[in-house]
Amino acid sequence: MTRLKVLLWDVDGTLAETERDGHRVAFNLAFDACGLPWRWDEEPYGELLRITGGRERLMFDMNRRADAPAFAERDAIARRIHAKKNDFYAELVRSGAIALRAGVLPLLQQCRERDVRMGVCTTTSRSNLDALMRVHLGSRWLECFAITVCGEDVQRKKPDPEVYLQALHALDVGPLEAVAIEDAPGGLAAARAADIPVVVTRSAYFAHAPIEGAVAVGPGLHDRSGWRPALRGVEQGEGVGLDDIQAWCAQMDSVCDYP
Ligand code: XBP
């Protein structure tokens, strides 16, 4: 492991718990707005998260519905619902419905202080990322990140590694000079397929998902307890920092599977 030069952030579930109270709610508002009697409740939506990408998720769901529109119409309908969903999502985010996860801001700040470059590697649409970051980091949020790769920028979404490979290429760093922060098996698989070490901060929907091949997995960046491998110096009120991440990566032999 060489010096950690780049921290690559996933968005949904990692920077913020956006899915249950953000995207899901916005999809339901979009169904209503399109005159469709469909509804995604909390639990089934968790299962749908296996399909990355909102439009892809809609297509998957339509393809298994008894009341689905004719096959030839589905793509156009999915695009229409998805565009409306993203508008509703931006409204929800602007209303303050979605906070950043605890521990995220201090780590963003530490990266800036220590000149560790940051990137965003996400499956979500750029408009959703912009809405979220504008609310929490202000209108100049893009200046915090050396690169942002979103759903529109790739041919294949996570778990394909394309989003991570693009970021490494643009930043001109090798995979072991980067660390990805992810919350879910699909994102973990994408970063690992690009050979990038991954720290998993479990999100609500993936609290018990099997995690294979992460350098560390834990409940959130705000909390030093509950991590595997365990963190030294567990102190109340202190979160996970760059030194911890670097230490996990130094023990790369501990890359293992966590139930
Ligand atoms: C999460 C996703 C996204 C969002 C919805 O991406 O799979 O599809 O659920 O966003 P990540 P869109 O964890 O990589 O941030 O509707 O814009 O696709």
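This is a short tour of a predicted model, going from the whole chain to single side chains.

**The whole chain**

Start with the cartoon view of the full chain, which has 9 helices and 8 strands. The C-alpha atoms fill a box of roughly 55 × 40 × 35 Å along the principal axes. A compact globule of 259 residues would have a radius of gyration near 18 Å, and the chain agrees, because its own value is 18 Å. Of the 259 residues, 52% are buried. Now turn on the surface: the chain exposes about 11,900 Å², and carbon and sulfur atoms supply 50% of that area. Among contacts with a separation of 6 or more, 62% join residues 24 or more positions apart.

**Aromatic rings**

Next, select F27 and Y45, one of the 9 aromatic pairs in the structure. Their ring centres are 6.2 Å apart and their planes stand at 50°, so the pair is tilted. F27 belongs to helix α1 (residues 19–33) and Y45 to helix α2 (residues 42–48), so the pair ties together parts that are 18 residues apart in sequence. Are F27 and Y45 buried or exposed? Both are buried.

Widen the selection to F27, F31, W38, W40, Y45 and Y205, which form one aromatic cluster. Then add K85, whose charged end sits over the ring of F27, 4.9 Å from the ring centre. The charged end of K85 also sits over the ring of Y89, at 5.7 Å from the centre of that ring.

**Salt bridges**

Side chains of opposite charge can pair when their charged atoms come close. The whole structure holds 18 salt bridges.

Select K158 and D10, where the closest N and O atoms of the salt bridge are 2.9 Å apart. K158 is in the loop between β3 (147–149) and α7 (162–171), while D10 is in the loop between β1 (6–9) and α1, so this pair links parts of the chain 148 residues apart. Both K158 and D10 are buried.

Keep K158 and add E182: here the closest N and O atoms are 2.8 Å apart. E182 lies in strand β4 (residues 178–182), 24 residues from K158. K158 counts as buried at 5% relative accessibility, and E182 counts as buried at 1%.

Move to R79 and D75, a salt bridge with its closest N and O atoms 3.0 Å apart. The two residues are 4 apart in helix α4 (residues 71–94), which means that about one helical turn separates them. R79 is partly exposed, with a relative accessible area of 43%, and D75 is partly exposed at 33%.

For the last stop, select D61, R64, R65 and D67, which are linked in a network of salt bridges.

Technical notes
Residues are numbered from 1 along each chain as its sequence is written. This is a predicted model: local features need pLDDT of at least 70, side-chain atom pairs count only at pLDDT 80 or more; totals for chains, interfaces and linings use all residues. Side-chain values use heavy atoms; hydrogens and water are left out. Rings of Phe, Tyr and Trp (its six-membered ring) pair if their centres lie within 6.5 Å; planes under 30 degrees apart count as stacked, over 60 as edge-to-face and the rest as tilted. Buried means under 20% relative accessible area, exposed over 50%, partly exposed in between (1.4 Å probe, protein chains only). A charge sits over a ring if NZ of Lys or CZ of Arg is within 6 Å of the ring centre and within 35 degrees of the ring normal. The radius of gyration is taken over C-alpha atoms; the globule rule is 2.2 Å times the number of residues to the power 0.38. Contact means heavy atoms within 4.5 Å. Accessible areas come from the Shrake-Rupley method with a 1.4 Å probe; for residues, only the protein chains shown count as cover. A salt bridge is a side-chain nitrogen of Lys or Arg within 4 Å of a carboxyl oxygen of Asp or Glu.
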